[in-house]
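Reader: I'd like to zoom in on one spot here and then have you walk me outward from it. Talk me through it informally, please.

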Amino acid sequence: MIGQLIETGCRATPGLDRWYLDHYVSIKRLEKQVRCKLGFPAPPSSVTLLVTYACNFGCDHCESISHPKAEWGLPFETIARLIREISEMGVKLLIISGGEPLVRDDLFEIIGLANQQGLKVLLCTNGSLVERRRTQLARGKLDSVFTSVDGLEETNDRLRRHPGAFKQTFQEMGVRSRMVNTMAFPGNLHELEELGEWIMASSATIWRIALALPSGRAKGQDHFCLTDDQIRSVLGFIRDRRTHFPVYLSEEVGYLGPWAMQVRSIPFSSGDGLSHFAIMPTGDVIGCGCTHDATYSEGNVMRQSLRDIWRTGFQRYRQPVLPEACYDCRYLHACGGGTFGMRVGDRHCLKRLWDGGGNA
């Protein structure tokens, strides 16, 4: 509450607003560090729970390498315990993801437990099993649904290796808040305008545009990467489209200098390990929800409590060791080295988009 009041005051004060934005990441990280040292770390605002790696799609760019024969996930009893722990920690939002969560027969029992604990629930789904589970979806108390579509029908269905995926994504799901995510890549840039019309005509309430993440099946797949000019064109598209519909660039992309407040509603600040973490189907807890790699595990819920992991882990996010070039960069306090997932793939620095002559 106090932090929100300070932020509101700073952003409303001429002269101070620019300084605050230029130091936003450093201020937020310092706030978290001070609270940890004083012995009362701020609770995470959200937790992502991957209930399975199993999925009926085989998307070429899947960040978790999900597939139909992937491991099932944590048993229901363990998930029930975790939901109680998450609630007791003071978390407000539970994001249920996968894989494809709807392949689990006990999914709506999991959602019911979260509801009982007073958690808001966001469900990430590919939409293909909605018709089969429509009655349960209608009864389930979901605050929001997150689906993805990565181009018009032919492009999307080919990328997701699932005929009919495009039409299934746009099915009505009976929720008030619905986010549609699109990964922008060279093969769909020419389709964004028309895709935007589809999204605006659907039940979607917000459109999130992302760039390819260097993880999962997209790792090392340079054909998913945009050139600098293509990234600028996507930023310009988002800036212009925002006058017609709520659309923004995903946080995973990182700091964007003068573009920042033109393509997002709030300043950039990565919540990885500071205000958010994810629990993998293996029980491993990671700070970056888009890097599904046990190499970066902060602990495992089969051996430790979530509260202990949150209190003692995540130092790679709270006291990060950044690439050497970051420490001499004039954007350090506003960027903080970008996001962990992008740093792992050496795609964290985008200052060339404006320092190199590109205009916002």
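Where is phenylalanine 314 found? I'd love a close look at that spot, and then whatever else in the fold you'd point out to a fellow modeller.

Author: Sure. One caveat up front: this is a predicted model, so take everything below as read off predicted coordinates.

Phenylalanine 314 sits in the loop between helix 12 and helix 13, the latter being residues 315-318. Its backbone is what catches the eye: phi is positive, about 65°, even though the residue isn't a glycine. And phenylalanine 314 isn't out in solvent either; with a relative accessible area of 1%, it counts as buried.

Now look at the ring. Phe314 belongs to a cluster linked by ring pairs, together with Phe277, Tyr296, Trp310, Tyr317 and Phe340. So what else is there in the way of aromatic pairing? The count for the model comes to 14 aromatic pairs. Take phenylalanine 170 and tryptophan 198: their ring centres are 5.7 Å apart and their planes differ by 40°, a tilted arrangement. That pair ties together distant parts of the chain, 28 residues apart, with phenylalanine 170 in the loop between helix 8 and strand 5 and tryptophan 198 in helix 9. Burial isn't shared evenly: phenylalanine 170 is buried at 16% relative accessible area, whereas tryptophan 198 is partly exposed at 40%.

Back to the cluster for another pair. Tyrosine 296 and phenylalanine 340 have ring centres 5.2 Å apart and planes at 85°, so this one is edge-to-face. Here too, distant stretches are linked: tyrosine 296 comes from the loop between strand 9 and helix 12, phenylalanine 340 from helix 15, 44 residues apart. Both tyrosine 296 and phenylalanine 340 are buried.

If you like odd backbone angles, phenylalanine 314 has company. Aspartate 346, in the loop between helix 15 and helix 16, has a positive phi near 55° and isn't a glycine. Its surroundings are another story, though: aspartate 346 is exposed, at 61% relative accessible area. Arginine 161 also takes a positive phi, about 55°, just after helix 7.

Helix 7 itself, residues 153-160, is worth a look. Thr155, Asn156, Asp157, Leu159 and Arg160 are buried there. The elements covering those buried residues include strand 4, helix 8 and strand 5.

Strand 4, residues 144-148, is also where you'll find threonine 147. Threonine 147 is buried, with a relative accessible area of 0%. Leaving out residues up to four places away in sequence, threonine 147 touches Thr125, Thr169, Met173, Arg178, Met179, Val180 and Asn181.

Thr169 gives us a handy reference point for the next stop. Leucine 249 is 80 residues from threonine 169 in sequence and 20 Å away in space, C-alpha to C-alpha. Leucine 249 lies in strand 7, residues 247-249, and is buried at 1% relative accessibility. Its contacts, again skipping residues up to four places away in sequence, are Ile209, Leu235, Ile238, Leu256, Val263 and Arg264.

Last stop: a helix pair. Helix 4, residues 76-88, packs on helix 5, residues 107-116, at an angle of about 20° and with the axes 10 Å apart. The two helices are therefore roughly parallel to each other, and helix 4 passes helix 5 in a right-handed crossing. On the helix 4 side, the contact is made by Phe76, Ile79, Ala80 and Ile83; on the helix 5 side, by Glu109, Ile110, Leu113 and Ala114. Sorted by type, that contact has 7 nonpolar residues, no polar ones and 1 charged. If the spacing of those numbers looks familiar, here's the background: an α-helix has 3.6 residues a turn, so residues three or four places apart point the same way.

One more backbone quirk before you go. Glycine 98 and glycine 99 are joined by a cis peptide bond, with omega about 25°. Glycine 99 is in the loop between strand 2 and helix 5. If you're collecting backbone angles to look at, put that peptide on the list with phenylalanine 314, whose phi is about 65°.

Terms used
Residues are numbered from 1 along each chain as its sequence is written. This is a predicted model: local features need pLDDT of at least 70, side-chain atom pairs count only at pLDDT 80 or more; totals for chains, interfaces and linings use all residues. Side-chain values use heavy atoms; hydrogens and water are left out. Axes are lines fitted to C-alpha atoms, for helices over the stretch in contact, and angles run from 0 to 180 degrees between N-to-C directions. Helices (H or I, at least four residues) and strands (E, at least two) are DSSP runs, numbered from the N terminus. Angles under 35 degrees count as roughly parallel, over 145 as roughly antiparallel, 65 to 115 as roughly perpendicular and the rest as oblique. A crossing is left-handed if the near helix is turned anticlockwise from the far one by less than a right angle, and right-handed if clockwise. Contact means heavy atoms within 4.5 Å. Ala, Val, Leu, Ile, Met, Phe, Trp, Tyr, Cys and Pro count as nonpolar, Asp, Glu, Lys and Arg as charged, and the others, Gly among them, as polar. Buried means under 20% relative accessible area, exposed over 50%, partly exposed in between (1.4 Å probe, protein chains only). Rings of Phe, Tyr and Trp (its six-membered ring) pair if their centres lie within 6.5 Å; planes under 30 degrees apart count as stacked, over 60 as edge-to-face and the rest as tilted.
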